[in-house]
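I opened a new structure today and kept notes as I went. The entries are short and follow the order in which I looked things up.

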Amino acid sequence: MAERSEKADAGGRARLRALAAVDEVLREPAALELLERFPRELVVDAVRAVIERLRAGILAAGAAGEASAAQAADLTPAALVPWAARLLEAAVTPSLRRVINATGVVVHTNLGRALLPQEAVDAVVTAASGYTDLEYSLVRGARASRQDHVHDVLCTVTGAEDALAVNNNAAAVLLALAATARGGEVLVARGQLVEIGDGFRIRIVGFTAEPALEELAGLAHERDAVLVDDLGSGALAGLPMFAEEPALTESIAAGADIVTFSGDKLLGGPQAGVAVGRAAAIEAMRRHPLARALRIDKLDLAALDAVLRLYLDPARALERVPTLAALAAPLAEVHARAERLRDLLTGSGAAEALPLGRVALLETVARAGAGALPVTEVPSVAVAVSVDGDAEGLAAALRVGVPAVVCRLHDGRLLFDLRAVRDAELDELASAVLTALT
Ligand SMILES: *Cc1c(COP(=O)(O)O)cnc(C)c1O
């Protein structure tokens with residue numbers, strides 16, 4: 001054993017001596033091309049990083065007494081340039097990558113929640129690429145509030161007296177509490193004590209008994225206090241499938257003074273938080289010093305403005321808002337999509353088609369997701385692909401492909417749930433799967 005590790009040490013020392021130096025690499029003709037394309041400091045940093053990684057690899061392999069990729073790598077200056085080029089390309093490429101969501105979770109927090117309807121995308125582009133009347137009254141030629149753009153439509157679609165948009169629902173809850181809690185004291189219904197992630201505490205599912213909101217409102221108002229109801233998802237569309245989700249209009253009717261919800265959950269809009277309710281309570285939020293720190297940004301406001309207008313005609317919202325469309329799509333439509341994916345994977349059109357026996361359709365249950373109450377479930381269909389061997393490795397390869405694909409694993413099979421996959425993505429999804437598998 002000792003002899004073996006000594007040998008590795010000697011080998012390792014030789015490898016370290018063979019490793020090119022930064023200056024040598026920078027004198028390579030290919031490196032000169034990089035220096036023309038990128039700032040010198042970036043190129044030097046990239047070359048340094050490559051050398052550091054190789055050095056660390058050699059040392060680690062030496063310590064473990066085994067051969068590694070670094071042991072086998074060509075360490076000459078010319079060989080290091082392509083590595084540096086790849087690091088540079090990665091450094092100047094935006095980090096956020098497109099993902100095909102084959103998980104069956106429609107509002108997937110880790111995958112960016114809601115997709116915007118085209119109307120909202122257009123509004124974002126307009127607001128992002130030119131000046132707008134964000135906080136300016138064109139009629140009066142004077143300063144105005146950014147809230148003016150969404151205030152009335154929020155009141156119309158929620159039936160509330162007053163409304164305020166902020167940058168996310170956590171901010172709406174924070175501001176509601178900051179603006180209304182007297183002496184810093186807040187009473188929280190036990191049924192609402194749970195953590196939703198990053199230490200933000202809210203709600204429990206399946207609690208034995210939850211007091212009716214009317215009761216809580218009565219108790220609060222007897223004591224001259226304010227009742228805040230944090231809905232989370234804020235389903236507006238009145239779809240039968242949202243029957244289990246806490247309903248906004250019911251909450252207001254039951255006497256909640258402030259109701260808060262997210263812009264990018266079941267509303268299907270941008271990241272935003274909305275507080276609606278009684279005028280005095282909302283006004284207290286508006287006037288609180290924290291309101292400025294928590295304000296909604298202009299791109300989100302543009303998208304929220306456009307999405308809310310779709311809700312003026314609920315049938316139109318259902319058609320145009322991708323989150324609603326995905327959840328409301330008839331099972332037959334999802335089934336047809338699954339059949340198309342199966343055909344693309346097994347059909348003669350594909351150069352490396354999969355044998356029919358490896359691809360099956362499977363009934364699944366998709367979820368709305370992202371809510372504090374992840375209760376909304378919808379029947380769905382998945383394409384299940386059997387693999388011989390390393391299913392996890394294949395799922396990992398799909399995740400780092402272009403576009404990235406995130407799917408589920410079940411019983412050693414890859415499951416591609418079609419509920420949150422759009423028709424336009426099917427060809428790409430099929431070729432990503434075929435590339436990963438063959
Ligand atoms: C999601 C959620 C939040 C946080 O909303 P964000 O928009 O992510 O800040 C707060 N409360 C409840 C009940 C939620 O479901």
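These are my entries on this predicted model.

**Entry 1: the whole protein**

I began with the overall counts. The protein has 19 helices and 14 strands. Of its 438 residues, 43% are buried. I then looked at contacts with a separation of 6 or more, and 70% of them are between residues 24 or more positions apart. The exposed surface is about 22600 Å², with carbon and sulfur atoms supplying 54% of that area.

**Entry 2: helix 17**

I picked helix 17, which runs over residues 331-346 and has 16 residues. From first C-alpha to last, helix 17 reaches 22 Å, close to the 22 Å expected at 1.5 Å a residue. Which residues of helix 17 are buried? I listed V334, R337, A338, L341, L345 and T346. Looking down the axis of helix 17, I noted that these buried residues fall within an arc of 160 degrees, so they line one face of the helix. What do the buried residues pack against? Their partners are strand 10 (359-367), strand 11 (377-386), strand 14 (413-417) and helix 19 (426-437).

In the stretch covered by helix 17, I also found a salt bridge between the side chains of D343 and R342, at 3.5 Å from N to O. D343 is partly exposed at 42% relative accessibility, and R342 is partly exposed at 24%.

**Entry 3: salt bridges around E135**

I counted salt bridges next, and the total is 20. I followed the ones at E135, which is partly exposed with a relative accessible area of 26%. R143 forms a salt bridge with E135 at 3.9 Å, N to O. R143 itself is exposed, at 66%.

R295 also forms a salt bridge with E135, with the closest N and O atoms 3.7 Å apart. R295 sits in the loop between helix 13 (290-293) and helix 14 (298-310), while E135 sits in the loop between helix 7 and strand 2 (136-137), so the pair ties together parts that are 160 residues apart in sequence. R295 is partly exposed, at 32% relative accessibility. I wrote the network down as E135, R143, R146 and R295, linked by salt bridges.

**Entry 4: backbone oddities**

Where is the cis peptide bond? I found V402 and P403 joined by one, with omega at about -5 degrees. P403 is in the loop between helix 18 (391-399) and strand 12 (404-406).

I then noted two positive phi values in residues other than glycine. R113 has phi near 55 degrees and is in the loop between strand 1 (99-101) and helix 7 (118-129). D224 has phi of about 60 degrees and lies in the loop between helix 10 (213-222) and strand 7 (228-232). D224 is exposed, with a relative accessible area of 63%.

**Entry 5: cysteines and one more loop**

How many disulfides does the whole structure hold? The search finds 0. I checked two cysteines: C155 is buried at 14% relative accessible area, and C407 is buried at 16%.

Last, I looked at R27, in the loop between helix 2 (22-26) and helix 3 (29-37). R27 counts as exposed, at 59% relative accessibility. The C-alpha atoms of R27 and P77 are separated by 8.5 Å, although the two residues are 50 residues apart along the chain.

Notes. Residues numbered from 1 in each chain as written. Predicted model: local features only at pLDDT ≥ 70, side-chain atom pairs only at ≥ 80, totals over all residues. Heavy atoms only, no water. Helix = DSSP H or I, 4+ residues; strand = E, 2+ residues; numbered from the N terminus. Expected span 1.5 Å × (residues − 1). Buried < 20%, exposed > 50% of the residue type's maximum accessible area, 1.4 Å probe, protein only. Arc of directions from axis to C-beta. Contact = heavy atoms within 4.5 Å. Areas by Shrake-Rupley, 256 points an atom, 1.4 Å probe, with all protein chains shown as cover. Disulfide = S-S within 2.5 Å. Salt bridge = Lys/Arg side-chain N within 4 Å of Asp/Glu carboxyl O.
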